[in-house]
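Work through the exercises below with the model open. Try each task before reading its solution.

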Amino acid sequence: MEEEFFLIDPDSRAVASLGSRVVARAREAVGDLVSGEFDECQVEVKTPPCREGSALYDELVAVRGAAAAAARAEGLGVCASGTPVMGRKGPAIVGDHPRYRAGLDQFGTLLDGFAICAAHIHVHMPDREVAVLVGNHLRPWLPLLVAMSANSPFVDGRDTGYASWRTVIRGRFPALGPPPYVESLDHYERLAAALQESEAMLDAGIPFWDVRPNPQFPTLEIRVMDVPAEAADTVGLAVLVRALVMTARALVQRGHAGPETCSELVRAAYWRAARDGWSGKGVDALTGRILPCSVQTARLVEHVRPALEEHGDLDRAMGFLRRLGERGCGAQRQRASWRRRACLADVVDDLERLTSGRRGEPPGGRPPGGVTVRPA
């Protein structure tokens, strides 16, 4: 697992650009399991490879705790939200990495406001030929993962009217979002190379599609989700995604290259999921029908149940889905926090407590510091 978080100023609740200092502190405790990200207002945490959901949960809690402790030592908090709820304190500072600088040169102002936080799930998949065909099978399910993980309704003090504004931001780019349907690894690589030549993609070896064979590790990487506030929800998503990948791998090994789902329909399903999240209906990218998220999820569970049972993950996955049914996705929970007092500081404080695992802890005497949200 990889998760990205914002660093939060405790007084204003705006994001603060002190990522390098927080990373340096965290590395004293956990090494490179905490690192920098595109914007200095972010940090990324990683876990070692895990076989069991319980082990993944323990690793996530530990590394989240290390990041939170390092942030507190710098007078900051960590916050799991797909977009910065109350904007930033000071100018944007891009992280010191050659790829980030090259992106600025190539895409320019398109990267303004690109401080967004995701969860990335890696599933062991050493055969890259199999991996790209597995991606074909995952494409129709990606919008449902957007709806399940949607956790970015607010940005810069404004309610966007969307559940996942992070998904909308990523959709601006010519080669981000759902991966293309491909016939083979060679087809995948030729398409990536053509997009790099067109300058729609920065590097064919590191495509930013939402499903990709990771360029460094023997994994298939799924990148479509907003970062969840709670570690338990991240693990719930992870076991569902692993089951999807394992089910798809079995189909590929039986000679099924995957459904040729219309790319425009997949993108329409992304948009509907980003707008509505878990709160209503969505586009079933396999059929084009508008179906309640609960109906789509029941079909997903039936599709992957054997893989969930094989890995002992069924109860954990169903627990996550029950929580979704009871309290909604992250966007619904953020708006519920705001409705208590029409105060965005409450949203940030709740997210920070959930991110760092300090459930039920009072805000420590912080002043309200909120602003009245502007309507969409």
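**Exercise 1. Overall make-up**

Task: State how many helices and strands the protein has, then describe its burial, its contacts and its exposed surface.

Solution:
- Step 1. This is a predicted model. Its secondary structure comprises 13 helices and 13 strands.
- Step 2. The protein has 376 residues, and 56% of them are buried.
- Step 3. Take the contacts with a separation of 6 or more: 75% of them join residues 24 or more positions apart.
- Step 4. The exposed area is about 15,600 Å². Carbon and sulfur atoms supply 52% of that area.

**Exercise 2. Helix 8 on its own**

Task: Check the span of helix 8, decide how enclosed the helix is, and look at what follows it.

Solution:
- Step 1. Helix 8 covers residues 231-253.
- Step 2. The expected span is 1.5 Å times one less than the number of residues. For the 23 residues of helix 8 that gives 33 Å, and the end C-alpha atoms are 33 Å apart, so the two agree.
- Step 3. Of the 23 residues, 19 are buried, so helix 8 is largely enclosed by the rest of the structure.
- Step 4. Glycine 255 follows helix 8 and has a positive phi, near 100°.

**Exercise 3. Helix 8 against helix 10**

Task: Characterize the packing of helix 8 and helix 10, and classify the residues in the contact.

Solution:
- Step 1. Two packed helices are described by an angle and a distance between their axes.
- Step 2. The axes of helix 8 and helix 10 (residues 293-310) cross at roughly 85° and come within 8 Å.
- Step 3. Angles of 65 to 115 degrees count as roughly perpendicular. Helix 8 is therefore roughly perpendicular to helix 10.
- Step 4. Helix 8 contributes Val239, Leu240, Ala243, Leu244, Met246, Thr247 and Leu251. Helix 10 contributes Leu300, His303, Val304, Ala307 and Leu308.
- Step 5. The contact residues divide into 10 nonpolar, two polar and no charged.

**Exercise 4. Helix 4 against helix 7**

Task: Repeat the analysis for helix 4 and helix 7.

Solution:
- Step 1. Helix 4 spans residues 128-138 and helix 7 spans residues 185-198. Their packing angle is about 75°, and the axes lie 8 Å apart.
- Step 2. That angle makes helix 4 roughly perpendicular to helix 7.
- Step 3. Arg128, Glu129 and Val132 of helix 4 meet Leu185, Tyr188 and Glu189 of helix 7.
- Step 4. This contact has three nonpolar, no polar and three charged residues.

**Exercise 5. Helix 5**

Task: Which residues of helix 5 are buried?

Solution:
- Step 1. Helix 5 covers residues 142-149.
- Step 2. The buried residues are Leu142, Pro143, Leu144, Leu145, Val146, Ala147, Met148 and Ser149.
- Step 3. That is eight of the eight, so helix 5 is largely enclosed by the rest of the structure.

**Exercise 6. Two single residues**

Task: Is threonine 355 buried or exposed? Do the same for leucine 265, and list the contacts of threonine 355 and of leucine 265.

Solution:
- Step 1. Threonine 355 sits in helix 13 (residues 344-356). Its relative accessibility is 2%, so threonine 355 counts as buried.
- Step 2. Leaving out residues up to four places away in sequence, threonine 355 touches Phe5, Arg64, Val78, Cys79, Ala80 and Ala229.
- Step 3. Leucine 265 belongs to helix 9 (residues 263-276). At 26% relative accessibility, leucine 265 is partly exposed.
- Step 4. With the neighbors up to four places away again left out, leucine 265 touches Val283, Ala285 and Gly288.
- Step 5. Leucine 265 and proline 140 are 125 residues apart in sequence, yet their C-alpha atoms are 9.1 Å apart in space.

Note on methods:
Residues numbered from 1 in each chain as written. Predicted model: local features only at pLDDT ≥ 70, side-chain atom pairs only at ≥ 80, totals over all residues. Heavy atoms only, no water. Axes fitted to C-alpha atoms, helices over the stretch in contact; angles between N-to-C directions. Helix = DSSP H or I, 4+ residues; strand = E, 2+ residues; numbered from the N terminus. Parallel < 35°, antiparallel > 145°, perpendicular 65-115°, else oblique. Contact = heavy atoms within 4.5 Å. Nonpolar A, V, L, I, M, F, W, Y, C, P; charged D, E, K, R; others polar. Buried < 20%, exposed > 50% of the residue type's maximum accessible area, 1.4 Å probe, protein only. Areas by Shrake-Rupley, 256 points an atom, 1.4 Å probe, with all protein chains shown as cover.
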